[in-house]
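Q: Please take a close look at a single part of this structure, and describe it together with what lies around it. A plain account for someone new to the structure would be best.

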Protein chains: 2
Amino acid sequence: MARKAASLELAVLGLLHESPLHGYELRKRLNLLLGWGRLLSYGSLYPALKRLLRSGLINEVTATTPGVSRRQRIVYQITPAGRQYFGEQITDTGPAAWEDDTFNMRFAFFSRTDAEVRLRILEGRLSRLQERLDRARHSGRGGSGDDRYLSELRRHSIESVEREVTWLTDLINAERTTDRSVDVPPAAPSTEDTITSAAPAADATT
Amino acid sequence: MARKAASLELAVLGLLHESPLHGYELRKRLNLLLGWGRLLSYGSLYPALKRLLRSGLINEVTATTPGVSRRQRIVYQITPAGRQYFGEQITDTGPAAWEDDTFNMRFAFFSRTDAEVRLRILEGRLSRLQERLDRARHSGRGGSGDDRYLSELRRHSIESVEREVTWLTDLINAERTTDRSVDVPPAAPSTEDTITSAAPAADATT
DNA sequence: ACCGCGATATATCGTGCTGATACGTTGTCT
DNA sequence: AGACAACGTATCAGCACGATATATCGCGGT
């Protein structure tokens, strides 16, 4: 059936992977994890939890934590199926792994991700940004109707993306040099290095 | 009645304020205007146009542009009511004017905005970001479970927001110094800015 | 002893945006 | 002539957001 991996659901599974949590706490941690900008709404969280319940990836138990409060809460915990699904999704580098939110989420779970996959995701994200940069730079045309504020906004946007490109490049270099001695599964495909940094890299379409 | 000013509708009005346009062209320009990141979908644009039509803020005519193409297109143009509405909304500094998308849109139309309003919006945005920064910095807790990637992500996010704060501060300073000759109501909220690193230069000048 | 208030906790609804998809037309290259 | 990219209009399922409703817990004040 292959569900769609709605990013939020994946993040929930990732958190429950460590310990069972109830909705309120889950939201707080998700806001920590994904939330520098806008806060996650319950209108997103609860439907997501229901979807996960229906899919059997998590289950719920009502429990009361003694010592903290005698109040009864609904605690969600991940199922074996959920663990498996999370593992698949976090490993499987889909063509949608480099979009803003999804990327950040995947990055947040990088310590539970293979080095090989980490590199793929970082490089995919990099080429995504580079492509965005090209679009932005090319659109700086217009010549005549050059609005002062508009061009300032444009300049600032481009600069932001450039900074992120630098950040990613550094991360990729760090990954490569650190890898030298670590696990590196022997059955690895011998690193067919078609990737030359910062090249278009053409999303491989799955 | 006071409609909700859905940001996208306002942007459409802003573009049509200059010249009538058809959907396809409208989308391209909106992507230029608002779109550094994800592209605007037709699934957003057309419903927005219908809402504007229903509200009488724009109207549509089918036309064919000779010399370019003999193809018939649906051209939207702003009505007087639309112009008035745009003027009100762009001036009226609601409490929602400093959210990411809305702010960028308003900034993009700054050349059609009063200096006073510009300043209010910039300052509102600034305090919004500062607040975000406080949350982010305060959340750097955890101590023990310090994930390498997670803290790196956090660091980078904070740095990005800090850069935007600097950018805004420079813009505000530029506004203030340029204003010297204009009205400048004495009741200005004075905004005791604790920001230190603000370089005064910021001479955009194309 | 009581009260208010903020934090905890669960939940729903209307509205709007995204990505996918569909379909038809015009212009250009070969 | 036929392929192909760009133009152009449109809809739909899925999902996120903000507002809103409701209720309990723990704390400080009076």
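A: In the surface near DNA strand D, the largest share comes from α3(A), which supplies four residues. The model is a predicted one, and this helix is a useful place to start reading it.

The helix α3(A) covers residues 42–54. On the surface near DNA strand D, α3 of chain A is joined by α2 (23–34), α3 and β3 of chain B, each giving at least two residues. In total, 25 residues surround DNA strand D. The closest are A:Leu8, A:Ser41 and A:Gly43 from chain A, with B:Gly23 and B:Gly43 from chain B. Sorted by class, that surface holds 10 nonpolar, nine polar and six charged residues.

What does α3(A) pack against within its own chain? One partner is helix α1 of chain A, residues 8–16, and the two axes are 10 Å apart at an angle of about 75°. Angles of 65 to 115 degrees count as roughly perpendicular, so α1(A) and α3(A) fall in that group. From α1(A), the residues that take part are A:Leu8, A:Glu9 and A:Val12. They meet A:Ser44, A:Ala48, A:Leu49, A:Arg51 and A:Leu52 of α3(A). This contact is made of five nonpolar, one polar and two charged residues. A:Leu8 thus appears in two places: in the contact with α3(A), and among the residues closest to DNA strand D.

The helix also takes part in the surface near DNA strand C. There, α2 (23–34), α3 and β3 (72–78) of chain A, along with α3 (42–54) of chain B, each give at least two residues. On this surface the largest share, four residues, belongs to α3(B). The residues around DNA strand C number 27, and those that come nearest are A:Gly23, A:Gly43, B:Leu8, B:Gly43 and B:Arg71. By class they divide into 10 nonpolar, nine polar and eight charged.

Next, the chain that carries α3(A). Chain A has seven helices and three strands, arranged along the sequence as α-β-α-α-β-β-α-α-α-α. Of its 206 residues, 23% are buried. Among contacts in chain A with a separation of 6 or more, 65% join residues 24 or more positions apart.

Chain A also touches chain B, in a contact of 24 residues from chain A and 23 residues from chain B. On the chain A side, two or more residues each come from α5 (100–108), α6 (115–138) and α7 (148–179). With 10 residues, α7(A) gives the most to that side. The chain A side comprises 10 nonpolar, eight polar and six charged residues.

Finally, chain B, whose β3 is one of the contributors near DNA strand D. An open antiparallel sheet in chain B is formed by three strands in the order β1-β3-β2. Its edge strands are β1 (21–22) and β2 (58–64), each with a single partner strand, so each has one side without a neighbour in the sheet. Two bridges link β1(B) to β3 of chain B, residues 72–78, in the antiparallel sense, and B:His22 stands opposite B:Val75 of β3(B). Helix α1 of chain B, residues 8–16, lies across β1, β2 and β3 of chain B, at about 100° to β3(B).

Note on methods
Residues numbered from 1 in each chain as written. Chains lettered and ligands numbered in written order. Predicted model: local features only at pLDDT ≥ 70, side-chain atom pairs only at ≥ 80, totals over all residues. Pairing = 2+ DSSP bridges. Contact = placed C-beta atoms within 7 Å. Axes fitted to C-alpha atoms, helices over the stretch in contact; angles between N-to-C directions. Near = placed C-beta within 6 Å. Nonpolar A, V, L, I, M, F, W, Y, C, P; charged D, E, K, R; others polar. Buried ≥ 20, exposed ≤ 12 C-beta atoms within 10 Å, placed from the backbone. Parallel < 35°, antiparallel > 145°, perpendicular 65-115°, else oblique.
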